[in-house]
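User: I'm new to reading protein models and would like a close look at one part of this one. Could you pick a group of aromatic rings, take me through it slowly, and then show me what else is worth looking up in the structure?

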Amino acid sequence: MSRSPYPSGAQLNPPEDCRRIRRIIAEDPDWSLAIVPFLSTLCLQTIVRNFEERPILEELTPSQKDFVQERLSPSLPLHVTANLIGDGVFWKRCCELRWDLCDVSHYGHSWKRMFFERHLENIIELFIPDVTDPKTVVAMVPLCKNYVKRLDISQLLPPIKESQKEEDEYGSELASDNEYDGPSMDHFDFSILLDKLICLEELHVVYRVKQCGMNFEWKMFQMTDRDCESFAMAVKSCKTLKLLRLYESHIEDKKCRLLVKHLLDHPSLRELDFSHNLIGDRGARAISKLLTRSKLEILNMCDNDVRDSGAKAIAHALSKNSTLLSLNLRLNRLRDEGGQAISTALLNNNTLLHLHLGGNEVTEPTAIALSKALVHNNTLKSINLSCNRLGVDGGKALEEAMSHNTSVTECDIRLTEVEEHSVSVINQVVWTNQSLEHKKQAEERQTK
C-alpha cells in the first residue's frame, strides 16, 4: 500500500493540493459548477442582445426587468425604447452617459422626463431654418409627448446667410432670375410642435445665439415680427401651458400687443414673465387688458420701459383683479405718478401678496400713498421699494403705517435714503409679523 506524501491529520488546501495530485488539469483552473449561469439568466441575456429586433419587457417580472434595463445599450433607437421602457435605471444610464450634470430633482425625480425634455431642447436649440428638416422635430412628438412637461430653450439659431450674388459679374438679368427670396422662417417655428405636446406646462424661451464669438450681430438677440406671430399662435394652441417665460428677446410694444392678443382668455396660463425686454406703455396697456381677462397669478415685467401711463393702466386692472398674487415691476420708470397709482390700487385689491417696485425712480409721494394702503390692506406680505429715493419723510410715513400692519413679513427699503431709526422700527414690525405667521402656520399644521 502506497504511503501518502502528506502527514496524517494534515488539512489539505483543496484549490492548491488537489491540483498537485491531479493528472489532468483543466484549461480553466477557476472553473466551477457554481458559476454555470441559470437558464433564466441565459434567456435574459438573449433578450438583451436581441432587444432591438424583438423587444420583450412587459412579460417579465420586476426583478427580470431590472436585470434587462441594467444591461440594455443606451444607444438603442428611441422608437424602440421610448414607449416601452418605463422610468428607471435605463433612463438614468442614458442621462448620465450623455450629460455631466444630471439633477433629477428638477424633473420631478423622473429620469425619463429629464432625458426627453433635454433631448427635445437640444433638437430645438440646434435647429437651423431651411437646413434642418422639420420632420426631425415632428418625428419626436409620438415618442416624447407624454413625458415633456417643461422646455427651457436657451438659444435659437437664425438661418445661414446666403452669399450675395454679384450683379456686376453675372448681369442684372441673371441676378433677377436667381434672386433669393429669403429664408422661410427666421428661427425655429414653435407652431409645428407646441399643440402636440399634450403635457407641456412650462415654456422658457430666449431668442439669442450662445457663443457667437466674432460673428456677433444684434439681430441674433431678438425675436422678429414673423417669429412673434408664429410663436403667439403656437402658445395659444397649447392649452395645457401654465407658465410662459419669454425674456431677453428685444420684445417691444408691437410684439407685446400681438402676444397678449393671443393669450387673452387662455384657459390655463397662470404665470407670465416678459422680463428684460423693451416693453413700454402701449405694451403695458395690453398687459392690463390681459389681467382683466385671464387668471394670471404671477406677472413679471422686470427691466422694461414701462412709465407712468403704463403703470396707471396696470393699476386700474389691479384694482379689479382677484387672481394676481405677485407683481414685479422692478427696473422700470414708473416714477411717482405710476407708483402712486399702483399704491392706490391696493386699497381695492385683497389678493396681491408680493409687490416689487425697486429701482423705479419713485420718491416720497409714492411712499405716502403706499403707507395709506398698508393701513387698510391686510393681504400684502412682501414689499420691495429698494433703490428709490423715498427720503426721510417717506420713511416716517412707512414707519407709521407699518405700526398698524400685521400682514407684511418682508419689506426691503435698502438704498432709499430712509433714516436708520425708521428702518429699525419697520424691521422690528416685520420680525413680529414673521413670528405671528410662523405661529399661525404651526397651529394650522397641528389641526390637520
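Analyst: **A cluster of rings and what lies around it**

Let's start with six residues: F90, W91, W99, F115, F116 and Y147 are linked into a cluster by ring pairs. Keep in mind that what you're looking at is a predicted model.

Across the whole model, the count comes to 11 aromatic pairs. Let's zoom in on one of them, W91 with F115: the ring centres are 5.3 Å apart and the planes meet at 45°, so this pair is called tilted. Where does that label come from? Planes under 30 degrees apart would count as stacked and planes over 60 as edge-to-face, so an angle of 45° falls in the remaining group. If you're wondering why I quote two numbers for the pair, a pair of aromatic rings is described by the distance of the centres and the angle of the planes.

Now find the two rings along the chain. W91 is in helix α5, which covers residues 89–98, while F115 is in helix α6, so the pair ties together parts that are 24 residues apart in sequence. Are these two residues buried or exposed? Both W91 and F115 are buried.

While you're on helix α6, click on L120, which has its place in that helix. L120 counts as buried, because its relative accessibility is 0% and the cut-off for buried is under 20%. From L120, look across to M140: the two are 20 residues apart in sequence, and their C-alpha atoms are 7.7 Å apart in space. M140 also leads you to L193, 53 residues away along the chain, with 9.5 Å between the C-alpha atoms of those two. L193 sits in the loop between α10 (172–177) and β2 (202–205). Although it's in a loop, L193 has a relative accessible area of 0%, so it is buried too.

Helix α6 also brings us to a pocket. The second largest pocket has a volume of about 230 Å³, and its lining is made by W99, H106, Y107, R118, E121, N122, E125, R150, D152 and S154. Two elements give two or more residues to that lining, namely α6 (111–125) and β1 (150–153). Which of the elements gives the most? That's α6, with 4 residues. Sorted by type, the lining has 5 charged, 3 polar and 2 nonpolar residues. W99 is worth a second look here, since it's one of the residues lining this pocket and also a member of the ring cluster we began with.

Rings turn up with charges as well. The charged end of R71 sits over the ring of F67, at 3.7 Å from the ring centre. R245 does this with Y247: its charged end sits over that ring, 3.9 Å from the centre.

A bit further along the chain from Y247, visit H250, which is in the loop between β3 (243–246) and α12 (253–263). H250 isn't a glycine, but its phi is positive, near 60°. That's worth a note, because most residues other than glycine have a negative phi. H250 is partly exposed, with a relative accessible area of 35%. C387 is another non-glycine residue with a positive phi near 60°, and you'll find C387 in the loop between β8 (382–384) and α17 (391–402). Its relative accessible area is 46%, so C387 counts as partly exposed.

Last, two side chains that reach for the backbone. S407 is in the loop between α17 and β9 (410–412), and at 7% relative accessibility it counts as buried. What does its side chain reach? It gets to the backbone oxygen of L380, at 2.9 Å. N433, in helix α18 (residues 420–447), is buried as well, because its relative accessibility is 3%. A polar atom of the N433 side chain lies 3.4 Å from the backbone oxygen of N405.

One more to try yourself: R282 is in helix α13 (residues 281–292), and it is partly exposed, with a relative accessible area of 41%. Find R307, 25 residues away along the chain, and check that the C-alpha atoms of R282 and R307 are 9.9 Å apart.

Key
Residues are numbered from 1 along each chain as its sequence is written. This is a predicted model: local features need pLDDT of at least 70, side-chain atom pairs count only at pLDDT 80 or more; totals for chains, interfaces and linings use all residues. Side-chain values use heavy atoms; hydrogens and water are left out. On a 1 Å grid over the protein atoms alone, a cavity is a set of points where a 1.4 Å probe fits but cannot get out, and a pocket is an open set with protein on both sides within 12 Å along at least five of seven lines; lining residues have an atom within 4 Å of a point. Grid points are joined across faces, edges and corners, and a volume is the space filled by probe spheres set on the points. Ala, Val, Leu, Ile, Met, Phe, Trp, Tyr, Cys and Pro count as nonpolar, Asp, Glu, Lys and Arg as charged, and the others, Gly among them, as polar. Rings of Phe, Tyr and Trp (its six-membered ring) pair if their centres lie within 6.5 Å; planes under 30 degrees apart count as stacked, over 60 as edge-to-face and the rest as tilted. Buried means under 20% relative accessible area, exposed over 50%, partly exposed in between (1.4 Å probe, protein chains only). A charge sits over a ring if NZ of Lys or CZ of Arg is within 6 Å of the ring centre and within 35 degrees of the ring normal. A polar contact is a pair of N or O atoms within 3.5 Å; within protein, one must be able to donate a hydrogen and the other to accept it, and residues adjacent in sequence count only if both atoms are side-chain atoms.
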